[in-house]
Amino acid sequence: MRANLWAVVGLMMLAGACKQQAAPAMKVTPAPPALEQSAGQQGHLTLVTDRSLVCMVNDQHMGQPQIPVEVSGRTYYGCCEMCKDRLANDATFRTATDPVSQRPVDKATAVIGITQDNSALYFENDQTFAAYSRQAAGAPR
């Protein structure tokens, strides 16, 4: 019984460790080289130009290169061994829903945007990214 308790505690610590590695909230001032501002001066959404900086399990911009995971010729990124395992073995972690079109997108090929709290959003193309950016900035579609 005691061994089971320690196993549960260990898994909880591992799960929490992944989320604690997220980079601090991005500033609205000049974007890092791997990011491009895309919603006017307010910076509501930032285009990711280096997808290796995103944990695709936690859907967070981590600010440093993540562990690459090759699946069927595509590369995904995770922040820890648990995320690496999930990406390799569970297809649900490799896909997301485009917030504009509501269609499924593959995270390895998606256009990735980062919100001010470092959350990753995945878009099927530049057009849906731009539409979301305009909406986030308060501009008409």
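Start with the contacts across the whole chain. Among those between residues at least 6 apart in sequence, 47% join residues at least 24 apart. Keep in mind that this is a predicted model.

**The whole protein**

Colour by secondary structure. You should find three helices and 10 strands. Along the sequence the pattern reads α-β-β-β-β-β-β-α-β-β-β-β-α. Now switch on the surface. The accessible area comes to about 8200 Å², and 56% of it belongs to carbon and sulfur atoms. Of the 141 residues, 38% are buried.

**Stop 1: the largest nonpolar core**

Select Val54, Met56, Ile112 and Tyr122. This core has 23 residues, and these four touch the most other members. Two or more residues each come from strand S3 (54-55), strand S5 (67-71), strand S6 (74-78), helix H2 (81-89), S9 and S10. H2 gives the most, with three residues. Now select Leu47, Val111, Phe123 and Phe129. They are among the five residues of another core, which lies apart from the 23-residue one. In soluble globular proteins, nonpolar side chains tend to be buried together.

**Stop 2: strand S2 and its partner**

Select residues 45-48, which form strand S2. Show the side chains. Leu45 and Leu47 point one way, while Thr46 and Val48 point the other. All four are buried. In a regular strand the side chains alternate between the two faces of the sheet.

Add S9, residues 111-115. S2 and S9 run antiparallel and are joined by three bridges. Centre on Thr46: opposite it, in S9, stands Ile114.

**Stop 3: helix H3**

Move to residues 126-136, helix H3. Which residues of H3 are buried? They are Thr128, Phe129, Ala131 and Ser133. These buried residues pack against S2, S9 and strand S10 (120-123). Phe129 was also on show at Stop 1, as a member of the five-residue core.

Then zoom in on the start of H3. A side-chain oxygen of Asn125 reaches to within 3.0 Å of the backbone nitrogen of Gln127.

**Stop 4: Asp106**

Select Asp106, in strand S8 (residues 104-106). Is this acidic residue buried or exposed? Asp106 counts as buried because its relative accessibility is 18%, and the cut-off for buried is under 20%. Next, show Arg74. The side chains of Asp106 and Arg74 make a polar contact at 2.6 Å. Leaving aside residues up to four places away in sequence, Asp106 touches Arg74, Tyr76 and Arg94.

**Stop 5: Cys80**

Go to the loop between S6 and H2, where Cys80 sits. Cys80 is buried, with a relative accessible area of 12%. Add Gln66 and draw a C-alpha to C-alpha distance. Cys80 and Gln66 are 14 residues apart in sequence and 8.0 Å apart in space.

**Stop 6: two loops with positive phi**

Most residues other than glycine have a negative phi. Two residues here are worth a look.

- Asp59: find it in the loop between S3 and strand S4 (60-61). Its phi is near 55°, a positive value. Asp59 counts as partly exposed, at 23% relative accessibility.
- Ser72: find it in the loop between S5 and S6. Its phi is positive too, about 50°. Ser72 is exposed, with a relative accessible area of 77%.

Terms used: Residues numbered from 1 in each chain as written. Predicted model: local features only at pLDDT ≥ 70, side-chain atom pairs only at ≥ 80, totals over all residues. Heavy atoms only, no water. Buried < 20%, exposed > 50% of the residue type's maximum accessible area, 1.4 Å probe, protein only. Polar contact = N/O pair within 3.5 Å; in protein donor to acceptor, adjacent residues only side chain to side chain. Contact = heavy atoms within 4.5 Å. Core = buried A, V, L, I, M, F, W, Y, C linked by side-chain atoms within 4.5 Å. Areas by Shrake-Rupley, 256 points an atom, 1.4 Å probe, with all protein chains shown as cover. Pairing = 2+ DSSP bridges.
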